[in-house]
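Visitor: I am new to this structure. Could you walk me through it and tell me how each label is earned?

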Amino acid sequence: MKVLVTGGAGFIGSEFVRQVVRAKYTVVVVDALTYAGDLKRLDDCKDKFRFYKADISERRVIEGVFKKERPEIVINFAAETHVDRSIADAAPFIKTNILGTEVLLAVSRMFGVKRFVHISTDEVYGDIARGKFVENDPLNPSSPYAASKAAADLLIKSYVRTYRFPAIIIRPSNNYGPWQYPEKFIPLSVMKLFHNEKMPLYADGKNVREWLYVEDCALGILTIMKKGTVGEVYNLGSGIEKQNIEVAKMILSILTLPQSRIEFVKDRPGHDIRYRLDSSKLKRQIAWKARVNLPAGLRSTIIWCRKHQEWLSSKREDISAFYKNR
Ligand code: NAD
Ligand code: TDX
């Protein structure tokens, strides 16, 4: 089977590419290589896939790739992904996450793709003070990022209903692990600590996220790609929920640094209080379960960050330029 992976040079996409190559699929990667994309993530399997530097919102270019490659499965990771950037400027989020998804849907339909797997997010539901979100809960996004992801989900649902288009939507919770772009909370904090800076915690640090190790997430996606039912939505969460301040303290303890290295900073506007997914549908239907616990995942992420300080540092200028201009 030939799989076309968009956003394969990104954080989760690259881990998925490694796993799908290992599973002996023929793999084609499409990625625009934005600030967040980096082919270095795929150095260890670079001769195992064909690569196209292309923007998913450019219909003619995407048609050209499909004409040449004729993929049977399409899996869409490509997106603008940082909530803070979407608050500063929503336009690229609309272009890639909504228009880009529409182009992929239209072209996949035109070429008779057998299975279209879209990577959505837990953020489409908004936040939840108590309990867990199930797949048919209403979408109630808080940030422009989450709104653009929710729009894509609705478009896909309309394709399923109108054209019987064979799509599956997956909604993962917060990922962390090797190769995450260090604008996101965990690698940003580790990188700052390495540079003798403080880790910035928004507000009082009490916001809650459900943390999923990237290898577990990619394996979950691969399993759903193989065994999932078309037309369905699957939540993909670890069940490991923690306040940001608890995560911060765990990182400091691994690095044997004092809690005075935490700095409370101005909150993100519209900051979602708590995310939590009910992933029992996935466990019931497909038998997937997260394997990596948070202490072990954080430890290996920090070891990875130490080994890849040069890569992390190469992104520092871009990240401080963004946060300076906020
Ligand atoms: P990332 O920002 O690390 O990577 C995104 C990739 O998409 C990059 O390689 C980038 O170059 C590429 N890209 C961006 N715009 C493009 C375009 N117009 N055309 C082609 N390629 C383009 O993101 P990630 O963290 O790996 O997230 C992957 C997917 O998973 C996204 O759809 C995101 O919404 C979703 N998701 C992420 C998380 C998380 O915690 N990281 C959680 C839930 C869902
Ligand atoms: O400097 C920071 N300080 C801080 O306290 C940053 C960057 C974040 N935070 C907080 C905000 C969140 O409560 O940490 C938590 C995690 O923040 P992010 O890493 O920005 O992730 P989040 O906003 O939760 O969104 C992530 O998970 C869902 C991904 O970036 C999305 O792409 C995914 O859909």
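Guide: We will start with the whole chain and then turn to helix pairs and single residues. Please keep in mind that this is a predicted model.

Visitor: What makes the radius of gyration of the protein chain agree with that of a compact globule?

Guide: A compact globule with 326 residues would have a radius of gyration near 20 Å, and the protein chain has 19 Å, so the two agree. Along the principal axes, the C-alpha atoms fill a box of roughly 55 × 40 × 35 Å. Of the 326 residues, 57% count as buried. Among contacts with a separation of 6 or more, 80% come from residues 24 or more positions apart.

Visitor: How many helices and strands does the protein chain have?

Guide: Its secondary structure comes to twelve helices and 13 strands.

Visitor: Why are helices H1 and H7 called oblique to each other?

Guide: Helix H1 (residues 11–22) and helix H7 (residues 214–227) pack at an angle of about 60°, with their axes 9 Å apart. Roughly parallel needs an angle under 35 degrees, and roughly perpendicular begins at 65. The angle of about 60° falls into neither range, so H1 and H7 are oblique. Their crossing is right-handed. On the H1 side, the residues in contact include Phe 11, Phe 16 and Val 20, while those of H7 include Leu 219, Leu 222 and Met 225. By class, the contact of H1 with H7 has eleven nonpolar, one polar and two charged residues.

Visitor: What makes H8 oblique to H10?

Guide: The axes of helix H8 (residues 244–254) and helix H10 (residues 294–307) come within 10 Å and cross at roughly 55°. That angle lies between the limits of 35 and 65 degrees, so H8 is oblique to H10. The crossing of H8 and H10 is right-handed. From H8, Val 247, Met 250, Ile 251 and Ile 254 meet Leu 294, Pro 295, Leu 298, Arg 299 and Ile 302 of H10. This contact has eight nonpolar residues, no polar ones and one charged.

Visitor: How do you know whether Asn 97 is buried or exposed?

Guide: Buried means under 20% relative accessible area. Asn 97 has 2%, so this residue is buried. Asn 97 lies in helix H4 (residues 91–110). Leaving aside neighbours within four places in sequence, Asn 97 is in contact with residues including Glu 80, Tyr 145 and Lys 149.

Visitor: And what is Ile 319 counted as, buried or exposed?

Guide: Ile 319 has 4% relative accessibility, against a limit of 20%, and therefore counts as buried. Ile 319 is found in helix H12 (residues 316–324). Beyond neighbours within four places in sequence, Ile 319 is in contact with Tyr 181, Pro 182, Glu 183, Leu 188 and Met 191.

Visitor: Why is Arg 164 called exposed?

Guide: Exposed means over 50% relative accessible area. Arg 164 has 77%, so the label fits. The residue sits in the loop between helix H5 (144–163) and strand E6 (167–172). Arg 164 also has a positive phi of about 50°, although it is not a glycine. Most residues other than glycine have a negative phi.

Visitor: What makes Thr 256 count as exposed?

Guide: Thr 256 has 69% relative accessibility, which is over 50%, so Thr 256 counts as exposed. Thr 256 is placed in the loop between H8 and strand E13 (262–265). Its phi is positive, at about 45°, although Thr 256 is not a glycine.

How values were computed. Residues numbered from 1 in each chain as written. Chains lettered and ligands numbered in written order. Predicted model: local features only at pLDDT ≥ 70, side-chain atom pairs only at ≥ 80, totals over all residues. Heavy atoms only, no water. Axes fitted to C-alpha atoms, helices over the stretch in contact; angles between N-to-C directions. Helix = DSSP H or I, 4+ residues; strand = E, 2+ residues; numbered from the N terminus. Left-handed = near helix turned anticlockwise from the far one by under 90°. Contact = heavy atoms within 4.5 Å. Nonpolar A, V, L, I, M, F, W, Y, C, P; charged D, E, K, R; others polar. Buried < 20%, exposed > 50% of the residue type's maximum accessible area, 1.4 Å probe, protein only. Rg over C-alpha atoms; globule rule 2.2 N^0.38 Å.
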